[in-house]
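Visitor: I'd like a close look at a single part of this model, the empty space inside. Could you start there, and then walk me outward to the rest?

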Amino acid sequence: MSTVSAHVAQALAAHIDHVFGVMGNGNAHFLDALERSTDVHYTAVRHEAGGVVAADAYHRASGRLAAATATYGAGFTNTLTALAESVQAHVPLVLVVGDEPTSGPRPWDVDQIALASAVGARTYTVGRADAAATTVIAIEHALAYRVPTVLAISYDVAKLEAGSVPTAPQPTLPAPIAPSPFARAAIADLASALAAAERPVLIAGRGAWISGAADALGRLADATGAVTATTALGRGMFPRPEFDLGVTGGFGADGAMELIATADVAVVFGAGLNQFTMRFGALFAPGTRVVQVDIAPAATHPHVGGFIRGDARLVVEALCDELATRDAAPSGWRERVDIAALRARDGGDPLAPDGRLDPRSVAERIGELLESAPSTRDRVVVTDGGHFLGWANMYWSVASPDRMMMVGTAYQSIGLGFPSVAGAARARPEATIVLSTGDGGGLMALSDLESAVRVAAGRGLAVVWNDAAYGAEINLYGLQGLAREPMLIPEVDFAGLASAVGARGVVVRTLADLDELARWVQVPASDRPFLLLDCRISGDVIAPYQQEIIRVNS
């Protein structure tokens with residue numbers, strides 16, 4: 001005989017290979033069944049938010065369905081910020097939680113269904129007779145709508161005998177959205193425009209990667225002679241980096257963004273075109289014909305002049321087919337442009353005027369060292385939220401969109417960095433995991449510093465941008481004259497904290513202190529410890545994307 005919890009564990013195990021979480025009263029029987037009756041690997045983290053964050057990062061790095069678990073009550077409410085981030089970021093994830101007994105709430109219970117709904121997650125509650133089927137329904141919902149679902153097990157149901165586990169049906173997933181007959185006409189018109197374009201630009205976002213459009217986008221760029229660019233979450237999408245301008249928006253180089261503004265035709269695939277990607281409306285010039293391809297019901301920015309609804313890969317392939325029927329040569333524009341010069345960055349100074357490190361020079365040097373050794377060329381970059389976001393995105397290269405994740409930015413949160421390392425490390429056991437976090441967010445996530453060190457071990461590198469302040473607030477509200485004291489943080493010894501949980505912690509006050517990283521990258525991952533670089537940077541150097549935000553809000 002099997003319990004309700006065993007039915008849930010075994011039905012879920014057919015679709016996942018990993019679960020992250022914290023054990024408690026409400027999920028103890030589920031975790032017991034997971035360990036005893038399935039091959040699913042469980043990774044314990046130290047905070048319930050970290051379980052959801054690690055699962056989120058696991059999906060972003062692997063593309064597979066994510067799973068996390070927490071107990072009821074306080075354990076569940078601890079997950080809410082991370083759950084909201086996963087909803088906003090469209091991450092298919094199943095969160096298995098305990099819940100109040102079927103007889104009604106106890107003094108410590110809360111309305112978990114309402115709380116999950118408030119952040120955009122739907123709850124499915126299993127029963128004694130339908131636990132396996134309900135589990136499959138929750139999985140199907142998560143995959144079909146690319147959103148987290150909560151799978152709840154009532155406390156008095158969890159260990160009830162439920163008989164043999166039935167054979168549950170496979171989830172039914174929707175087919176990619178094919179262009180409609182009306183969209184086919186728009187595709188033909190766009191193909192004609194691209195064939196005649198003198199300065200075409202193709203831009204791709206994470207949605208294009210998820211659709212599997214990367215190879216087709218490369219063919220389209222070659223056929224049209226277009227220069228290319230991506231959103232921050234689409235980095236590494238296009239196969240010809242010599243013609244790629246990098247990230248659009250505030251993370252982009254000024255010269256590259258100025259070139260995009262000269263485009264006569266720009267096509268955007270699988271990108272939401274938020275205010276940051278669009279440089280607050282300044283990315284394109286008024287004369288640019290902007291066409292967006294997306295599965296959203298309508299265009300997502302007022303500067304879009306044409307919209308084609310459909311799966312990015314299917315639309316790109318249709319465009320390639322249309323162009324093949326036309327006797328049009330590539331524009332030749334990209335061969336006349338010095339892309340490398342346009343992507344050049346300001347390398348900064350060794351030290352800022354206040355005597356602390358210039359974060360630009362630190363980021364550039366770390367990027368060079370990561371590229372210098374085979375052990376770190378295969379890497380996943382994970383970044384927490386905060387002012388420092390720009391440094392990793394501007395100075396560290398990644399091979400593909402699944403090797404760069406910003407966990408927290410969809411919901412504008414900080415403090416999700418350290419547990420992200422554990423999820424990315426489980427998803428990519430062959431890669432080095434590089435975390436970029438601030439001192440404010442790093443302190444919020446400190447409970448899972450241990451998780452990061454334990455799981456990633458010698459494949460883990462954390463860079464803490466330590467400016468003894470909440471930098472984003474300093475650079476926005478401090479400059480507006482608001483009281484600075486609430487924005488300041490006593491300078492924390494992150495190197496010492498890292499050493500306390502088994503990592504090698506290094507305080508970096510000069511560029512010469514990065515020689516420790518130079519030695520670390522030359523050592524095989526199996527023979528080195530997790531490394532944390534506590535970079536004492538100046539808060540006076542403002543990232544370009546932050547300068548855009550300041551201009552808009554001033």
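Guide: Happily! On a 1 Å grid over the protein atoms alone, a cavity is a set of points where a 1.4 Å probe fits but cannot get out; a pocket is an open set with protein on both sides within 12 Å along at least five of seven lines, and lining residues have an atom within 4 Å of a point. Points are joined across faces, edges and corners, and a volume is the space filled by probe spheres set on them. The model is predicted, with local features needing pLDDT of at least 70 and side-chain atom pairs counting only at pLDDT 80 or more, while totals for chains, interfaces and linings use all residues. Residues are numbered from 1 along each chain as its sequence is written, and side-chain values use heavy atoms, with hydrogens and water left out.

Searching the whole structure turns up one cavity of 30 Å³ or more. The largest cavity has a volume of about 40 Å³. Its walls are formed by Gly218, Ala221, Asp222, Thr228, Phe238, Pro239, Arg240, Phe243 and Arg334. With three residues, helix 10 (214–224) is the element that gives the most to this lining; helices (H or I, at least four residues) and strands (E, at least two) are DSSP runs, numbered from the N terminus. By class, the lining of the largest cavity has four nonpolar, two polar and three charged residues. Here Ala, Val, Leu, Ile, Met, Phe, Trp, Tyr, Cys and Pro count as nonpolar, Asp, Glu, Lys and Arg as charged, and the others, Gly among them, as polar. The charged members of this lining are Asp222, Arg240 and Arg334, and Gly218 and Thr228 are the polar ones.

Now for open space. The second largest pocket has a volume of about 660 Å³. Its lining numbers 31 residues, and Arg235, Arg343, Trp396, Ser397 and Val398 lie nearest the centre. Strand 11 (244–247), helix 14 (359–372) and helix 16 (389–395) are the elements that give two or more residues to the lining of this pocket. Sorted by class, the lining of the second largest pocket holds 13 nonpolar, seven polar and eleven charged residues.

Moving outward, let's turn to the sheets. In one of them, six strands form an open sheet in the order 3-2-4-5-7-6, with parallel pairing; two strands pair if DSSP finds at least two bridges between them. Strand 3 (41–44) and strand 6 (122–125) are the edge strands of this sheet, each pairing on one side only. Strand 2 (18–21) and strand 4 (66–70) pair in the parallel sense over two bridges. Phenylalanine 20 has alanine 68 in strand 4 as its bridge partner.

Further along the chain, another six strands form an open sheet, in the order 16-15-17-18-20-19, and here too the pairing is parallel. The edges of that sheet are strand 16 (404–406) and strand 19 (504–508), and each of these pairs on one side only. Strand 18 (460–466) and strand 20 (531–536) pair in the parallel sense over six bridges. Leucine 461 stands opposite leucine 531 of strand 20.
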